[in-house]
Amino acid sequence: MEVDLNISPFVVWAVAGSQILTFGLTVWNMLASGSRRNAQTLETHGRTLRGLEERMSAVEMAMREIPSRRDFHDLDKQMTELRGAMSVLGERLRPIEAVSDRLQDLLMQEGRNGRA
């Protein structure tokens, strides 16, 4: 008993299956390439957002150190008080200035009289 082994029908089916598989993979790659590009774009945007978040945190920290409007108002009030105190001090020093001028004049006269 001789068995005739003919594999040509299997070869046809293998080639057909290979072609279908190749076509399916091509379609899959075409459809998936857009999502890969989108994933790369999203990753790039994510890195950018993380960088911006770090910069924003640094700006917020710097803003905490900047004097507020109230701080400037308090400083203005203190400067006004200081200006008033300096005016009062100037008025109180005028009699001392006058005494100093008189002493200087007296010493100058004695110095001229003593030399002569």
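## Close-ups of a two-helix model

**View 1. Hardly anything is tucked away in this protein.** Buried residues make up just 2% of the 116 residues in the protein. Keep in mind that what you're looking at is a predicted model. As for the parts list, the protein has 2 helices and 0 strands. Its radius of gyration is 49 Å, well over the 13 Å that the globule rule gives for 116 residues, so the protein is more spread out than a compact globule. Put the C-alpha atoms in a box along the principal axes and that box comes to roughly 165 × 35 × 20 Å.

**View 2. Here's the surface, and the charges that go with the chain.** About 11400 Å² of the protein is exposed, and carbon and sulfur atoms supply 62% of that area. What about charged side chains? The protein has 15 positive and 16 negative ones. Take the centre of each set, and the two centres turn out to lie 7 Å apart.

**View 3. Glu43 shares itself between two arginines.** Which residues are linked with Glu43 in a network of salt bridges? They are Arg47 and Arg50. In the bridge between Glu43 and Arg47, the closest N and O atoms are 3.7 Å apart. The bridge between Glu43 and Arg50 has an N to O distance of 3.4 Å. Both distances fit the rule for a salt bridge, because the cut-off is within 4 Å. Glu43 and Arg47 both belong to helix 1, which runs over residues 8–65. They sit 4 residues apart, and that's about one turn of the helix.

**View 4. How covered up are the members of that network?** Glu43 has a relative accessibility of 41%, so it counts as partly exposed. Arg47 is partly exposed too, with a relative accessible area of 48%. For Arg50 the value is 45%, so this residue is also partly exposed.

**View 5. Helix 2 has a salt bridge of its own.** Here Glu91 pairs with Arg94, and their closest N and O atoms are 3.6 Å apart. Both residues lie in helix 2, 3 residues apart, again about one turn of the helix. Are these two residues exposed or partly exposed? Glu91 is partly exposed, at 47% relative accessible area. Arg94 has 51% relative accessibility, so it counts as exposed. That step follows because exposed means over 50%. In total, the count for the protein comes to 3 salt bridges.

**View 6. A nonpolar patch sits out on the surface.** Which residues form it? Going along the chain, they're Phe72, Leu75, Met79, Leu82, Met86, Leu89, Leu93 and Ile96. Together they have about 790 Å² of accessible area. Let's zoom in on two of them. Leu82 lies in helix 2, which covers residues 69–115, and it is partly exposed at 47% relative accessible area. Met86 is in helix 2 as well. With 52% relative accessibility, Met86 counts as exposed.

**View 7. Met86 and Thr44 are a long way round from each other.** How far apart are Met86 and Thr44 in sequence and in space? In sequence they are 42 residues apart. In space, going from C-alpha to C-alpha, the distance is 62 Å. Look back at the first view with this pair in mind: the radius of gyration there was 49 Å, and the protein is more spread out than a compact globule.

Definitions and conventions. Residues are numbered from 1 along each chain as its sequence is written. This is a predicted model: local features need pLDDT of at least 70, side-chain atom pairs count only at pLDDT 80 or more; totals for chains, interfaces and linings use all residues. Side-chain values use heavy atoms; hydrogens and water are left out. Patches are made of residues with over 30% relative accessible area and no salt bridge: like charges are joined within 9 Å, nonpolar side chains (Val, Leu, Ile, Met, Phe, Trp, Tyr) within 5 Å. Accessible areas come from the Shrake-Rupley method with a 1.4 Å probe; for residues, only the protein chains shown count as cover. A salt bridge is a side-chain nitrogen of Lys or Arg within 4 Å of a carboxyl oxygen of Asp or Glu. Buried means under 20% relative accessible area, exposed over 50%, partly exposed in between (1.4 Å probe, protein chains only). The radius of gyration is taken over C-alpha atoms; the globule rule is 2.2 Å times the number of residues to the power 0.38. Lys and Arg count as positive and Asp and Glu as negative; His and the chain ends are not counted. The place of a charge is taken as NZ of Lys, CZ of Arg, CG of Asp or CD of Glu.
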